[in-house]
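Work through the exercises below with the sequence and the coordinates open. Each task is followed by a solution in steps.

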Amino acid sequence: MQTTSTPTHCPYCALQCGMNLKPTPEGGVEVAERADFPVNRGALCGKGRTAPEVLSSRVRLTSPLVRSGGVLTPATWDEALDRIAGALSRARAEHGPDALGVFGGGGLTNEKAYTLGKFARVVLGTSQIDYNGRFCMSSAAAAGTKAFGLDRGLPFPLEDIPKTGCVILVGSNLAETMPPALRYLTELKENGGTLIVVDPRRTRTAEQADLHLAPRPGTDLALALGLLHLVVAEGRTDEEYIRERTSGWEEARAAVMAHWPEYVERITGVSVPQLREAVRLFCEPEHAMVLTARGPEQQSKGTDTVGAWIDLCLATGRAGRPLSGYGCLTGQGNGQGGREHGQKADQLPGYRKLTDPGARRHVAEVWGVHPDSLPGPGRSAYELLDALGTDIRTLLLMGSNPVVSAPRAAHIEDRLRSLDFLAVCDVVLSETAELADVVLPVTQWAEETGTTTNLEGRVLLRRRALTPPPGVRSDLEVLHGLAARLGVEKGFPTDPEEVFEELRRASAGGPADYSGITYRRLAEENGVFWPCPAPADAVGGEDASLDLLPDDPADLDDPEGPSGERAPGVHPGTPRLFLDRFATEDGRARFAAVTYRAVAEEPDDAYPVLLTTGRVVAQYQSGAQTRRVAELNAAAPGPFVEMHPRLAERLGAADGDAVAVVSRRGRAVAPARITRAIRPDTVFMPFHWPGEGRANTLTNPALDPTSRMPEFKVCAVRLERLGQDHSQ
């Protein structure tokens, strides 16, 4: 038995908090503090602290399952893989390669996401691959790429946040979604900075704010434009910065001037004095930041909304300057890396565009195939799921639970049931896995080595601390076995470091360049920020394992440092982006000329209330893992409908009464939770649970035209009091 602790990272959110795993006498592991990792400095939330409980054979899968007589029964690995390979082969022969779908997840390691994209395009030849990260950060990614030429969640490390003068936090309840990050906002205030929180609810995070703006759900775009209008009207723009570092200001300014304060107040419900105070707090300090999360992003106009918040940073000279700028708080554990290396519908490794001939040539050469053999872009996540059972007949799904997490979830559940064949790789028997024809039990974070990329763009090394149970294999082994059965014997290694070495070569020269990063560097440096290019002759060569670097790039050639001599010319990584130029062709950031438009589904007489959704501190995403942890379930045992006392009075509902929430897509039932922390025209439901309380039964799949993000954050509903006490 292993007797020493293993330094690794939490399996949950995009902080990727550092932790040590200590072996227990029973053969498992327990979590211990890892104070040397700078992101969390030893702090963990309840989810991270209890993560080893999901490793137990009592709650996780330990044998392949195949459907026989309508029931999932244990099977051998050969039988299970043969069934999947046979189904894929039949569907391709009968309907063509695009009848095969692949759906990935933002929790997969970089190695898995890379291999999954390669498998779809090289082995299956299908264009129909996307992943659940489309539901998380895609609007911010699209807006950031438009504005800056590059998408990295935070273009600066978290450690910069307490040193700035003001933070506008838009649509994030990070006190519950990533609790160890709250200290950065606490330290900001201790240092004399101010915090503005934009959220229709008075959340635990909003309670920390110097100024809380509570707009009507779906009006964040109007709010951003109203603030920018005041910046212009009050003469607070940075004209020199705009002239020297941006383009498109004239068009953006003309668009924003239609959004005068009183008009914005009528749309958002945020008063003109609050708008003016927000502008003052943001503009007076030398440094300031805007950070967005799912609130403004999960809308059918999410790209424009984030673009308007970026415009606010550009007009005031914040972006690309120290201790300032725009950032997105990425959500899933590998939400950043998961969208960089090929499991997205329109993407190749290194954040390359699938439509770029040069990118196709480069990646095809690494993969040993002809560029013309690579399929073009496919459907986005919701559109792929919506096509199941019609255009797409067979689906391979890894690391996702769309029965709970997809918008219009009852419809997506029907689409999954209509497939000719569904194969799911998962740790537990999720609600989606329960529908599968074959379920494959795969290794978890503590049972495998691999890399993730956190919300800062810091590439990290998770280390294996535990031998998986017999009967469990890694996702890499699954893809290797399927590729071999489908006639591709080489190119799908099962060793994660070997996969990462190929990923380095595939990403070299791309926007997300990992070519200068190695497992050795990640272990020695506590992570490396991308982009991190390597000399061409070092990638994959004998010199690929590089020595620890000094923190200051100016010291690259200094022969001495904390570990002695350094390899000359080694890139240190890029903690802070855009300080000299943006990643656009001309080096200038681009303004977005956008105007306000309403949500896809406004309230009316039939559906007079707005629904918004989100998370609670004790559960994570679809809850497939956290709902199996007793301590977390005790803290958050089930869904609820949060509503204002005035709304509850009109409905005749008391706290704990069963309430039906009905949208044009379905009906969910949960107990009422009455609080003044929410607007009277809005109800809130967390989305972690299946069954009658499934919030995503109600949500609207209306898509952003650019990012293809569904409008999770706002839809019209009506409420019905059922009268039965549902208190937990």
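**Exercise 1. Strand pairing around β9**

Strand β8 (residues 166–170) and β9 run parallel and are joined by five bridges. The model is a predicted one. Determine which strand pairs with β9 over three bridges, and state whether the residues of β9 are buried or exposed.

*Solution.*

Step 1. Begin on the β8 side, where Cys 166 stands opposite Thr 194 of β9.

Step 2. Look for the other partner. Strand β10 (residues 211–213) pairs with β9 over three bridges, in the parallel sense. Within β10, Leu 213 is the bridge partner of Val 198.

Step 3. Check the two faces of β9. Thr 194, Ile 196 and Val 198 are buried on one side, and Leu 195 and Val 197 are buried on the other.

Step 4. Conclude. Buried means under 20% relative accessible area. Five of the five residues of β9 (residues 194–198) are buried, so the strand is largely enclosed by the rest of the structure.

**Exercise 2. The nonpolar cores**

Find which residues touch the most other members of the largest nonpolar core, then list the contacts of Leu 169 beyond four places in sequence.

*Solution.*

Step 1. The largest nonpolar core has 86 residues, and those touching the most other members are Leu 15, Phe 119, Ile 161, Leu 169, Leu 440 and Val 478. Helix α2 (residues 77–95) provides the largest share of this core, eight residues.

Step 2. Separate from this is a second core of 83 residues, with Ala 319, Ala 512, Leu 522 and Cys 532 among its members.

Step 3. Turn to Leu 169. Neighbours within four places in sequence are left aside, and its contacts are then Leu 174, Leu 185, Leu 195, Ile 196, Val 197, Val 198, Thr 205, Leu 291 and Leu 329.

Step 4. Set this against a general tendency: in soluble globular proteins, nonpolar side chains tend to be buried together.

**Exercise 3. Helix α4 and the largest pocket**

Establish how many residues of α4 are buried, and which element gives the largest share of the lining of the largest pocket.

*Solution.*

Step 1. Nine of the eleven residues of α4 (residues 138–148) are buried, and the helix is mostly covered. Among the buried ones are Ser 138, Gly 144 and Phe 148.

Step 2. Identify the packing partners. The buried residues of α4 pack against α12 (294–297), α13 (302–315), β13 (325–328) and β22 (589–590). After the helix comes Gly 149, with a positive phi near 85°.

Step 3. Examine the largest pocket, which holds about 740 Å³ of space. It is lined by 29 residues, and Thr 145, Asp 346, Tyr 351, Arg 352 and Lys 353 are the closest to its centre.

Step 4. Assign the lining. The largest share, five residues, comes from α4; at least two residues each come from α4, β15 (352–353) and α14 (357–367). By class, the lining has eight nonpolar, eleven polar and ten charged residues.

**Exercise 4. The position of Val 59**

Decide whether Val 59 is buried, partly exposed or exposed, and name its contacts beyond four places in sequence.

*Solution.*

Step 1. Val 59 lies in the loop between α1 (46–49) and β4 (65–68).

Step 2. The relative accessibility of Val 59 is 24%, so this residue counts as partly exposed.

Step 3. Beyond four places in sequence, Val 59 contacts Glu 53, Val 54, Val 428 and Arg 628. Val 59 and Leu 429 are 370 residues apart in sequence, with 8.7 Å from C-alpha to C-alpha.

Terms used. Residues numbered from 1 in each chain as written. Predicted model: local features only at pLDDT ≥ 70, side-chain atom pairs only at ≥ 80, totals over all residues. Heavy atoms only, no water. Buried < 20%, exposed > 50% of the residue type's maximum accessible area, 1.4 Å probe, protein only. Helix = DSSP H or I, 4+ residues; strand = E, 2+ residues; numbered from the N terminus. Contact = heavy atoms within 4.5 Å. Core = buried A, V, L, I, M, F, W, Y, C linked by side-chain atoms within 4.5 Å. 1 Å grid on protein atoms, 1.4 Å probe; cavity = no way out; pocket = protein on both sides within 12 Å on 5 of 7 lines; lining within 4 Å. Points joined across faces, edges and corners; volume = space filled by probe spheres on them. Nonpolar A, V, L, I, M, F, W, Y, C, P; charged D, E, K, R; others polar. Pairing = 2+ DSSP bridges.
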